[in-house]
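Trainee: Could you give me a close look at one part of this model, the largest pocket, and tell me which residues line it? Some background on the rest of the chain would help too.

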Amino acid sequence: MKKKILLIGKFNNVVNETNQFLSQYFHVQLCSENAGVLEGMLKIVNPDLILISLIGAYGIDTSMFFLLSDQYAQVPVLTIGTKEESSTFFKYYEEEQFENLIRPVENTTIMEAVCRRLGLDKAAVEREAEEQRREKTGKKRILVVDDNGTTLRTMKAMLEDHYEVAIAISGAQAMTSIGKKRPDLILLDYEMPVCDGKMTLEMIRADEELQSIPVVFLTAINDRANIEAVLKLKPAGYFLKPAVKDILLAEIEKILS
(Lines give C-alpha, C1' and ligand atoms only; values in the text may rest on other atoms or scores of the structure.)
Protein backbone atom coordinates (compact mmCIF):
# COMPACT_ATOMS: atom_id res chain seq x y z
CA MET A 1 0.00 0.00 0.00
CA LYS A 2 1.32 3.43 -0.94
CA LYS A 3 2.33 5.73 1.88
CA LYS A 4 0.42 9.01 2.25
CA ILE A 5 2.15 12.38 1.98
CA LEU A 6 0.58 15.74 2.79
CA LEU A 7 2.28 18.39 0.66
CA ILE A 8 1.91 21.88 2.11
CA GLY A 9 2.81 25.11 0.36
CA LYS A 10 1.81 27.85 -2.02
CA PHE A 11 0.41 26.40 -5.24
CA ASN A 12 3.21 27.29 -7.66
CA ASN A 13 5.28 25.53 -10.31
CA VAL A 14 7.74 24.16 -7.75
CA VAL A 15 5.02 22.55 -5.64
CA ASN A 16 3.29 21.24 -8.75
CA GLU A 17 6.52 19.65 -10.03
CA THR A 18 7.22 18.05 -6.64
CA ASN A 19 3.65 16.77 -6.49
CA GLN A 20 3.84 15.21 -9.96
CA PHE A 21 7.14 13.50 -9.19
CA LEU A 22 6.20 12.06 -5.79
CA SER A 23 2.74 11.01 -6.98
CA GLN A 24 4.45 8.32 -9.04
CA TYR A 25 5.36 6.57 -5.79
CA PHE A 26 3.04 7.83 -3.03
CA HIS A 27 -0.48 9.12 -2.40
CA VAL A 28 0.08 12.88 -2.31
CA GLN A 29 -2.53 15.34 -1.05
CA LEU A 30 -2.00 19.08 -1.49
CA CYS A 31 -2.76 21.53 1.32
CA SER A 32 -2.40 25.30 1.75
CA GLU A 33 -0.05 26.68 4.43
CA ASN A 34 -2.94 27.77 6.67
CA ALA A 35 -2.98 26.17 10.14
CA GLY A 36 -6.78 25.89 10.22
CA VAL A 37 -6.95 24.17 6.85
CA LEU A 38 -4.01 21.97 7.80
CA GLU A 39 -5.67 20.80 11.01
CA GLY A 40 -8.72 19.65 9.07
CA MET A 41 -6.63 17.94 6.38
CA LEU A 42 -4.54 16.08 8.96
CA LYS A 43 -7.68 14.48 10.35
CA ILE A 44 -8.92 13.50 6.91
CA VAL A 45 -5.67 12.32 5.33
CA ASN A 46 -3.85 10.88 8.36
CA PRO A 47 -0.51 11.21 6.51
CA ASP A 48 2.60 9.10 7.00
CA LEU A 49 4.81 12.11 6.21
CA ILE A 50 4.35 15.86 5.87
CA LEU A 51 6.28 17.83 3.25
CA ILE A 52 6.32 21.65 3.51
CA SER A 53 7.50 23.89 0.68
CA LEU A 54 8.87 27.16 2.05
CA ILE A 55 9.20 28.78 -1.39
CA GLY A 56 7.64 32.24 -1.15
CA ALA A 57 6.22 31.38 2.27
CA TYR A 58 7.50 34.30 4.33
CA GLY A 59 3.94 34.96 5.43
CA ILE A 60 3.36 31.33 6.42
CA ASP A 61 1.13 30.63 9.42
CA THR A 62 3.78 29.59 11.96
CA SER A 63 1.19 28.10 14.30
CA MET A 64 1.14 25.05 12.06
CA PHE A 65 4.63 24.15 13.30
CA PHE A 66 3.33 24.12 16.86
CA LEU A 67 0.32 22.07 15.75
CA LEU A 68 2.56 19.46 14.14
CA SER A 69 5.03 19.20 17.03
CA ASP A 70 2.28 19.15 19.68
CA GLN A 71 -0.41 16.88 18.22
CA TYR A 72 1.41 15.00 15.44
CA ALA A 73 4.89 14.50 16.87
CA GLN A 74 4.97 10.93 15.51
CA VAL A 75 4.66 12.12 11.91
CA PRO A 76 8.00 13.02 10.25
CA VAL A 77 8.16 16.45 8.64
CA LEU A 78 10.38 17.54 5.73
CA THR A 79 10.68 21.20 4.82
CA ILE A 80 12.24 22.46 1.59
CA GLY A 81 13.45 25.99 0.95
CA THR A 82 16.43 28.19 0.20
CA LYS A 83 18.91 28.88 3.00
CA GLU A 84 17.31 32.25 3.64
CA GLU A 85 13.75 30.87 3.68
CA SER A 86 14.67 27.90 5.86
CA SER A 87 16.55 29.97 8.46
CA THR A 88 13.35 31.88 9.16
CA PHE A 89 11.62 28.75 10.43
CA PHE A 90 14.40 26.77 12.16
CA LYS A 91 13.36 28.18 15.55
CA TYR A 92 10.04 26.38 15.25
CA TYR A 93 11.55 22.96 14.61
CA GLU A 94 11.23 20.32 17.31
CA GLU A 95 14.05 17.80 17.71
CA GLU A 96 14.15 14.98 15.14
CA GLN A 97 10.60 15.35 13.86
CA PHE A 98 11.67 18.11 11.46
CA GLU A 99 14.30 17.90 8.74
CA ASN A 100 15.16 20.55 6.18
CA LEU A 101 16.37 20.26 2.58
CA ILE A 102 18.04 23.27 0.98
CA ARG A 103 16.99 24.32 -2.49
CA PRO A 104 18.03 23.98 -5.22
CA VAL A 105 17.43 20.28 -4.68
CA GLU A 106 16.85 17.47 -7.17
CA ASN A 107 13.66 15.42 -7.04
CA THR A 108 15.80 12.31 -6.54
CA THR A 109 17.24 13.87 -3.36
CA ILE A 110 13.73 14.62 -2.11
CA MET A 111 12.77 11.02 -2.90
CA GLU A 112 15.76 9.70 -0.95
CA ALA A 113 14.89 11.85 2.07
CA VAL A 114 11.22 10.81 1.97
CA CYS A 115 12.10 7.10 1.82
CA ARG A 116 14.66 7.47 4.61
CA ARG A 117 12.19 9.24 6.90
CA LEU A 118 9.55 6.60 6.16
CA GLY A 119 11.99 3.72 6.66
CA LEU A 120 11.54 2.52 3.08
CA ASP A 121 13.99 1.08 0.57
CA LYS A 122 14.06 3.56 -2.32
CA ALA A 123 14.88 0.94 -4.96
CA ALA A 124 12.01 -1.27 -3.77
CA VAL A 125 9.56 1.64 -3.90
CA GLU A 126 10.67 2.48 -7.45
CA ARG A 127 10.37 -1.16 -8.56
CA GLU A 128 6.88 -1.45 -7.14
CA ALA A 129 5.79 1.76 -8.86
CA GLU A 130 7.26 0.54 -12.14
CA GLU A 131 5.41 -2.77 -11.89
CA GLN A 132 2.17 -0.94 -11.18
CA ARG A 133 2.71 1.32 -14.20
CA ARG A 134 3.34 -1.67 -16.40
CA GLU A 135 0.19 -3.40 -15.14
CA LYS A 136 -1.78 -0.22 -15.71
CA THR A 137 -0.54 0.41 -19.24
CA GLY A 138 -0.47 -3.25 -20.18
CA LYS A 139 2.74 -2.62 -22.12
CA LYS A 140 5.63 -5.02 -21.90
CA ARG A 141 9.17 -3.70 -21.54
CA ILE A 142 11.84 -4.07 -24.21
CA LEU A 143 15.49 -3.22 -23.72
CA VAL A 144 17.37 -2.24 -26.89
CA VAL A 145 21.17 -2.52 -26.65
CA ASP A 146 23.33 -0.99 -29.39
CA ASP A 147 26.49 1.12 -29.45
CA ASN A 148 25.06 3.27 -32.25
CA GLY A 149 22.93 6.17 -31.03
CA THR A 150 21.10 6.53 -34.35
CA THR A 151 20.09 2.87 -34.27
CA LEU A 152 18.82 3.23 -30.70
CA ARG A 153 16.66 6.22 -31.62
CA THR A 154 15.31 4.45 -34.69
CA MET A 155 14.45 1.28 -32.78
CA LYS A 156 12.82 3.24 -29.99
CA ALA A 157 10.65 5.11 -32.50
CA MET A 158 9.61 1.77 -34.06
CA LEU A 159 8.62 0.18 -30.78
CA GLU A 160 7.39 2.84 -28.37
CA ASP A 161 3.78 2.89 -29.61
CA HIS A 162 3.47 -0.77 -28.64
CA TYR A 163 5.96 -1.32 -25.82
CA GLU A 164 7.72 0.43 -23.00
CA VAL A 165 11.23 0.89 -24.41
CA ALA A 166 14.52 1.24 -22.53
CA ILE A 167 17.86 1.75 -24.28
CA ALA A 168 21.48 0.99 -23.44
CA ILE A 169 24.60 1.90 -25.41
CA SER A 170 26.85 -0.92 -24.12
CA GLY A 171 26.72 -4.35 -22.56
CA ALA A 172 27.70 -2.94 -19.17
CA GLN A 173 24.97 -0.32 -19.33
CA ALA A 174 22.52 -3.03 -20.34
CA MET A 175 23.29 -5.09 -17.24
CA THR A 176 22.79 -2.01 -15.06
CA SER A 177 19.44 -1.32 -16.73
CA ILE A 178 18.32 -4.94 -16.32
CA GLY A 179 19.22 -4.80 -12.63
CA LYS A 180 17.04 -1.74 -12.11
CA LYS A 181 14.07 -2.74 -14.24
CA ARG A 182 13.69 -6.24 -15.64
CA PRO A 183 12.71 -6.24 -19.34
CA ASP A 184 10.38 -8.75 -20.97
CA LEU A 185 12.61 -8.99 -24.04
CA ILE A 186 16.07 -7.76 -25.06
CA LEU A 187 17.12 -6.65 -28.55
CA LEU A 188 20.90 -7.00 -28.49
CA ASP A 189 23.46 -5.75 -31.01
CA TYR A 190 25.87 -8.60 -31.84
CA GLU A 191 28.77 -6.38 -32.94
CA MET A 192 29.71 -4.01 -30.09
CA PRO A 193 33.17 -2.90 -28.89
CA VAL A 194 34.68 -4.12 -25.59
CA CYS A 195 31.67 -6.15 -24.43
CA ASP A 196 30.01 -7.56 -27.55
CA GLY A 197 26.63 -9.24 -27.90
CA LYS A 198 28.01 -12.71 -27.17
CA MET A 199 29.63 -11.59 -23.91
CA THR A 200 26.52 -9.66 -22.88
CA LEU A 201 24.33 -12.69 -23.52
CA GLU A 202 26.68 -14.84 -21.44
CA MET A 203 26.39 -12.41 -18.54
CA ILE A 204 22.60 -12.48 -18.79
CA ARG A 205 22.48 -16.28 -18.89
CA ALA A 206 24.90 -16.53 -15.97
CA ASP A 207 22.23 -15.04 -13.71
CA GLU A 208 19.52 -17.61 -12.94
CA GLU A 209 16.90 -14.89 -12.45
CA LEU A 210 17.54 -13.49 -15.94
CA GLN A 211 17.88 -16.70 -17.96
CA SER A 212 14.22 -16.72 -18.95
CA ILE A 213 14.38 -13.31 -20.65
CA PRO A 214 14.25 -13.84 -24.45
CA VAL A 215 17.19 -12.24 -26.26
CA VAL A 216 16.99 -11.33 -29.94
CA PHE A 217 20.22 -10.46 -31.74
CA LEU A 218 20.63 -7.56 -34.14
CA THR A 219 23.48 -7.89 -36.64
CA ALA A 220 24.66 -5.80 -39.57
CA ILE A 221 26.82 -8.57 -41.09
CA ASN A 222 24.97 -10.76 -43.57
CA ASP A 223 27.23 -13.71 -44.26
CA ARG A 224 26.86 -17.38 -43.52
CA ALA A 225 29.72 -17.64 -40.99
CA ASN A 226 28.40 -14.73 -38.94
CA ILE A 227 24.82 -15.97 -38.97
CA GLU A 228 25.94 -19.47 -37.94
CA ALA A 229 27.96 -17.96 -35.06
CA VAL A 230 24.88 -16.03 -33.92
CA LEU A 231 22.60 -19.07 -34.14
CA LYS A 232 25.02 -21.25 -32.12
CA LEU A 233 24.24 -19.03 -29.13
CA LYS A 234 20.59 -20.09 -29.44
CA PRO A 235 18.95 -16.66 -29.17
CA ALA A 236 15.16 -16.25 -29.27
CA GLY A 237 15.69 -14.77 -32.75
CA TYR A 238 17.91 -12.52 -34.83
CA PHE A 239 17.43 -9.66 -37.27
CA LEU A 240 19.63 -8.09 -39.89
CA LYS A 241 20.05 -4.33 -39.51
CA PRO A 242 18.35 -2.13 -40.40
CA ALA A 243 15.30 -3.99 -39.12
CA VAL A 244 12.00 -3.74 -40.96
CA LYS A 245 9.39 -2.38 -38.56
CA ASP A 246 6.40 -4.61 -39.40
CA ILE A 247 8.49 -7.79 -39.46
CA LEU A 248 10.23 -6.84 -36.21
CA LEU A 249 6.95 -6.10 -34.41
CA ALA A 250 5.40 -9.35 -35.62
CA GLU A 251 8.36 -11.41 -34.43
CA ILE A 252 8.47 -9.69 -31.03
CA GLU A 253 4.74 -10.29 -30.55
CA LYS A 254 5.22 -13.93 -31.47
CA ILE A 255 8.07 -14.37 -28.98
CA LEU A 256 6.31 -12.58 -26.13
CA SER A 257 3.08 -14.47 -26.63
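**Loops, fold and pockets**

Mentor: Let's start away from the pocket: Pro242 sits in the loop between strand 10 (237-240) and helix 11 (245-256). Helices (H or I, at least four residues) and strands (E, at least two) are DSSP runs, numbered from the N terminus. Lys241 and Pro242 are joined by a cis peptide bond, with omega at about 0°.

Keep in mind that this is a predicted model, where local features need pLDDT of at least 70, side-chain atom pairs count only at pLDDT 80 or more, and totals for chains, interfaces and linings use all residues. Numbering runs from 1 along each chain as its sequence is written, and side-chain values use heavy atoms, with hydrogens and water left out.

There's another cis proline story at Pro104, in the loop between strand 5 (98-102) and helix 5. Here the cis bond runs from Arg103 to Pro104, and omega is near 5°. One more loop to look at lies between helix 2 (35-45) and strand 3 (49-53), and Asn46 is in it. Asn46 isn't a glycine, yet its phi is positive, near 50°. Asn46 is also exposed, at a relative accessible area of 52% (exposed is over 50%, buried under 20% and partly exposed in between, with a 1.4 Å probe and protein chains only).

How far to trust all this? pLDDT, the predictor's confidence in each residue from 0 to 100, averages 86 over the chain, and 95% of the residues reach 70 or more. Among the elements, helix 5 (residues 107-118) has the highest mean, 94, and helix 10 (residues 224-232) the lowest, 71.

As for the overall build, count eleven helices and ten strands. The C-alpha atoms fill a box of roughly 80 × 35 × 30 Å along the principal axes. The radius of gyration is 25 Å, whereas a compact globule of 257 residues would come in near 18 Å (taken over C-alpha atoms; the globule rule is 2.2 Å times the number of residues to the power 0.38). Of the 257 residues, 45% are buried.

Now for your pocket. A pocket is an open set of points on a 1 Å grid over the protein atoms alone where a 1.4 Å probe fits, with protein on both sides within 12 Å along at least five of seven lines; lining residues have an atom within 4 Å of a point. The largest one holds about 250 Å³ of space. Its lining is Gln24, Tyr25, Ala123, Glu126, Arg127, Glu130, Arg133, Gly179, Lys180 and Lys181. Helix 6 (122-137) and helix 8 (171-180) each supply at least two of the lining residues, and helix 6 has the largest share, with five. By class, that lining has six charged residues (Asp, Glu, Lys, Arg), two polar and two nonpolar.

The second largest pocket has a volume of about 170 Å³. Ten residues line it, with Arg127, Glu131, Lys180, Lys181 and Arg182 nearest its centre. Helix 6 and helix 8 are again the elements giving two or more residues, and helix 6 gives the most, with four. Seven of the residues in this lining are charged, two nonpolar and one polar. Notice that Arg127, Lys180 and Lys181 turn up in both linings.

Conventions: Grid points are joined across faces, edges and corners, and a volume is the space filled by probe spheres set on the points.
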